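Got a new model on the screen and not sure where to start reading? Let's walk through it together, one feature at a time.

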Amino acid sequence: MRTLYLNQAALSAKATTVIRDTNNQSCYLLVGKWGLRADVLSVYTIAGALEAEVKQESLGLLPKFRLVYHRQTVGRVSKTFGVIREVLFVRGLNWIIMGNISSGHFKITHGRDLIATIDQVSQSGGGTTTLAVDQPDHEALVICLAAILDRWAKHQHKALAPLRNHAWAPAAGDIAQFTKK
């Protein structure tokens, strides 16, 4: 298994993100943006060859993404409802992603074979995501999946923020009291 590192702060800034290995050597570039239908996020080798792309096909509560590897569609990913643990299916590749969006820990499997693990390492400075991938052919696709999972995690935290900020509290001083006439 080869380990790659992805900087989440650069990913969130819609800037070019450099993916590095354990020797701090640049391996891949992640370029593109999210948010609109038909937006594309592309993974290039450092030499400039296009490896993989993830294309956003739909918006809404359950957005859909298409995975393209060497200019051929190989799979589709869409969000499903989950309570605590997320289970996502990559149709076409028959990969299963199991984990928890809030903790940032995921396993990608094909049957009983482990394809990759995605782990959020640190929270300081925007965080770093560690990708442990079984084969070099899977690396670009796993980078695309990590970008999708990071986007869903950020949107989940934004959606839950108003609920956390407006917790129920008993009545306090400046609230007018209801009185009968």
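Q: How much of the chain is made up of buried residues?
A: Buried residues make up 40% of the chain, which has 181 residues. Keep in mind that this is a predicted model. As for the outside, the accessible surface is about 10800 Å², and 55% of that belongs to carbon and sulfur atoms.

Q: Next, the secondary structure. How many helices and strands are there?
A: The chain has 2 helices and 12 strands. Reading from the N terminus, the order is β-α-β-β-β-β-β-β-β-β-β-β-β-α.

Q: What share of the contacts is between residues far along the chain, 24 or more positions apart?
A: Take the contacts in the chain with a separation of 6 or more: 31% of them are between residues 24 or more positions apart.

Q: How do I read strand pairing? Say, which way do β4 and β5 run relative to each other, parallel or antiparallel?
A: Look for bridges between the strands. Strand β4 covers residues 40-45, and it pairs with β5 in the antiparallel sense over 5 bridges. To find one spot in that pairing, go to L41, which stands opposite V54 in β5. The two strands form a hairpin with 4 residues between them. In the turn, G48 has a positive phi of about 105 degrees.

Q: What is on the other end of β5's bridges to β6, and how many are there?
A: Strand β6 is residues 64-69, and 5 bridges join β5 to β6, again running antiparallel. One pair to look up is E53 with its bridge partner V68 in β6.

Q: How many residues of β5 are buried?
A: Strand β5 spans residues 50-56 and is mostly covered, with 6 of its 7 residues buried.

Q: Now a single residue. Is I143 buried or exposed?
A: The idea is to read the relative accessible area, where under 20% means buried. I143 has a value of 0%, so it is buried. You'll find I143 in helix α2, which covers residues 136-165.

Q: Which residues does I143 touch?
A: Setting aside neighbours within four places in sequence, I143 is in contact with L4, I19, Y28, L30, V43 and L131. Take L30 from that list: L30 and I143 are 113 residues apart along the chain, yet their C-alpha atoms are separated by 8.2 Å.

Q: What about H138 in that helix?
A: H138 is found in helix α2 as well. H138 counts as buried because its relative accessibility is 15%. Its contacts, again leaving aside neighbours within four places, are W95, I115 and V133.

Q: Could we try a strand residue? Where does S78 lie?
A: S78 lies in strand β7, residues 72-78. With 14% relative accessibility, S78 counts as buried. Not counting residues up to four places away in sequence, S78 touches P63, K64, L88, R91 and W152.

Q: How many disulfides are there?
A: The idea is to look at the distance between cysteine sulfur atoms, with a cut-off of 2.5 Å. By this rule the count is 0 disulfides. Two cysteines to look at are C27, buried at 13% relative accessibility, and C144, buried at 0%.

Q: Which residues make the nonpolar surface patch?
A: V87, F89 and M98 make a nonpolar surface patch of about 230 Å². V87 is found in strand β8, residues 86-91. V87 is partly exposed, with a relative accessible area of 34%.

Q: Last one: backbone angles. What is phi of N24?
A: Phi of N24 is near 65 degrees, a positive value in a residue other than glycine. N24 lies in the loop between β2 (17-21) and β3 (26-32). N24 counts as exposed because its relative accessibility is 53%.

Q: And N94: where is it, and what is its phi?
A: N94 is found in the loop between β8 and β9, the latter being residues 95-100. Its phi is near 60 degrees, also a positive value in a residue other than glycine. With a relative accessibility of 53%, N94 counts as exposed.

Definitions and conventions. Residues numbered from 1 in each chain as written. Predicted model: local features only at pLDDT ≥ 70, side-chain atom pairs only at ≥ 80, totals over all residues. Heavy atoms only, no water. Patch = residues over 30% accessible without salt bridge, like charges linked within 9 Å, V, L, I, M, F, W, Y side chains within 5 Å. Areas by Shrake-Rupley, 256 points an atom, 1.4 Å probe, with all protein chains shown as cover. Salt bridge = Lys/Arg side-chain N within 4 Å of Asp/Glu carboxyl O. Buried < 20%, exposed > 50% of the residue type's maximum accessible area, 1.4 Å probe, protein only. Contact = heavy atoms within 4.5 Å. Pairing = 2+ DSSP bridges.
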